[in-house]
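Look at the sequence and the model before reading on. The paragraphs below lead from the whole chain to a few of its parts.

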Amino acid sequence: MKKNLGLILWILLTVMLVSGFQTSDPAVITRGEWSTVDEQEIFVNQSLDLAFTLPDDFMVMSDEEISKAANIGMETLDLDEIDFSKVNLSYDFMISSPNKGESVQMMMEKTFYSAENYLKATQSQFENLGLGGADINNMYYMDIAEKEFAVLPILLENYGINEYLCVRNYDTFIVALI
């Protein structure tokens with residue numbers, strides 16, 4: 001799972017570098033928080049108006065675990081507020097199911113791309129690496145947490161990867177759920 005997660009993250013970070021960065025003043029948002037409500041773990045990011053319930057058999061990864069899994073520095077995770085004039089990428093959460101070998105993560109990235117063009121750039125990166133597996137013709141839209149996200153299925157059979165990249169524009173950045 002860690003190898004597969006690393007491959008997907010590497011491709012997305014490459015998309016970030018290719019996509020360019022917003023030149024106007026980007027937003028400052030607050031990272032979301034996990035809390036227990038009626039014996040259920042709930043994630044709420046008020047800045048993004050998003051909320052998620054932790055699925056059964058999943059555990060919340062700490063910022064230290066996210067840093068190791070995503071191979072990023074703690075400086076992008078130690079912030080209560082994310083100022084996109086100072087950072088280009090930040091993770092809001094990662095959850096995983098050790099029994100199922102599945103994970104979900106939410107990251108925010110500064111970019112001038114629309115959600116659709118972000119997914120096209122992702123597909124191009126897969127093609128440039130000779131991986132295939134991401135076909136923009138399979139893109140569709142789906143409501144997640146009552147918000148519309150563009151979704152790109154990613155299937156890399158040789159690597160055991162079957163992922164869904166879900167993205168939505170917010171101000172000067174993209175929110176991605178993987």
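What follows begins with overall figures and then turns to single elements and residues.

The model is predicted. Its secondary structure comes to 3 helices and 12 strands. The protein has 178 residues, and buried ones make up 48% of them. Its accessible surface is about 9,300 Å², with 46% supplied by carbon and sulfur atoms. Among contacts with a separation of 6 or more, 58% are between residues 24 or more positions apart.

Helix H3 covers residues 115–128. With 14 residues at 1.5 Å a residue, H3 should span 20 Å, and this agrees with its end C-alpha atoms, which are 20 Å apart. The buried residues of H3 are Ala115, Tyr118, Leu119, Ala121, Thr122, Gln123, Gln125 and Phe126. An α-helix has 3.6 residues a turn, so residues three or four places apart point the same way. Asn117 also belongs to H3, but this residue is partly exposed, because its relative accessible area of 36% falls between the limits of 20% and 50%. From Asn117 to Ile136 the distance is 9.7 Å, C-alpha to C-alpha, with their positions 19 residues apart in sequence. Just after H3 comes Gly130, with a positive phi of about 70°.

Further along the chain is a hairpin made of strands S9 and S10. Strand S9 holds residues 140–144, and strand S10 holds residues 147–156. The two strands run antiparallel and are joined by 5 bridges. One of the residues in S9 is Tyr140, whose bridge partner in S10 is Val151. There are 2 residues between the strands of this hairpin, where Ala145 takes a positive phi near 55°.

Tyr140 also has a place on the surface. Together with Met142 and Tyr164, Tyr140 forms a nonpolar patch there, and the three have about 280 Å² of accessible area together. Tyr140 itself is partly exposed, at a relative accessible area of 33%. That value lets Tyr140 count towards a patch, because patch residues need over 30%.

How many salt bridges does a search of the whole structure find? The search finds 2. Side chains of opposite charge can pair when their charged atoms come close. In one salt bridge, Arg31 pairs with Asp92, and the closest N and O atoms are 3.8 Å apart. Arg31 lies in the loop between strands S1 and S2, while Asp92 is in strand S7, so the pair ties together parts that are 61 residues apart in sequence. Are Arg31 and Asp92 buried or exposed? Both are buried.

The other salt bridge joins the side chains of Asp49 and Lys147, at 2.8 Å from N to O. This pair also links distant parts of the chain: Asp49 is in the loop between strands S3 and S4, Lys147 is in S10, and they are 98 residues apart. Lys147 counts as buried because its relative accessible area, 15%, is under 20%.

Lys147 also touches Leu50, a residue of strand S4. Leu50 is buried, with a relative accessible area of 2%. Leaving out residues up to four places away in sequence, the residues that Leu50 touches include Phe43, Met106, Phe149, Tyr170 and Val175. Ile144 and Ala145 are also among them; Ala145 is the residue with positive phi in the hairpin of S9 and S10. Leu50 and Gly32 are 18 residues apart in sequence, and their C-alpha atoms are 8.6 Å apart in space.

How values were computed
Residues are numbered from 1 along each chain as its sequence is written. This is a predicted model: local features need pLDDT of at least 70, side-chain atom pairs count only at pLDDT 80 or more; totals for chains, interfaces and linings use all residues. Side-chain values use heavy atoms; hydrogens and water are left out. Patches are made of residues with over 30% relative accessible area and no salt bridge: like charges are joined within 9 Å, nonpolar side chains (Val, Leu, Ile, Met, Phe, Trp, Tyr) within 5 Å. Accessible areas come from the Shrake-Rupley method with a 1.4 Å probe; for residues, only the protein chains shown count as cover. A salt bridge is a side-chain nitrogen of Lys or Arg within 4 Å of a carboxyl oxygen of Asp or Glu. Helices (H or I, at least four residues) and strands (E, at least two) are DSSP runs, numbered from the N terminus. Buried means under 20% relative accessible area, exposed over 50%, partly exposed in between (1.4 Å probe, protein chains only). Two strands pair if DSSP finds at least two bridges between them. The expected span of a helix is 1.5 Å times one less than its number of residues. Contact means heavy atoms within 4.5 Å.
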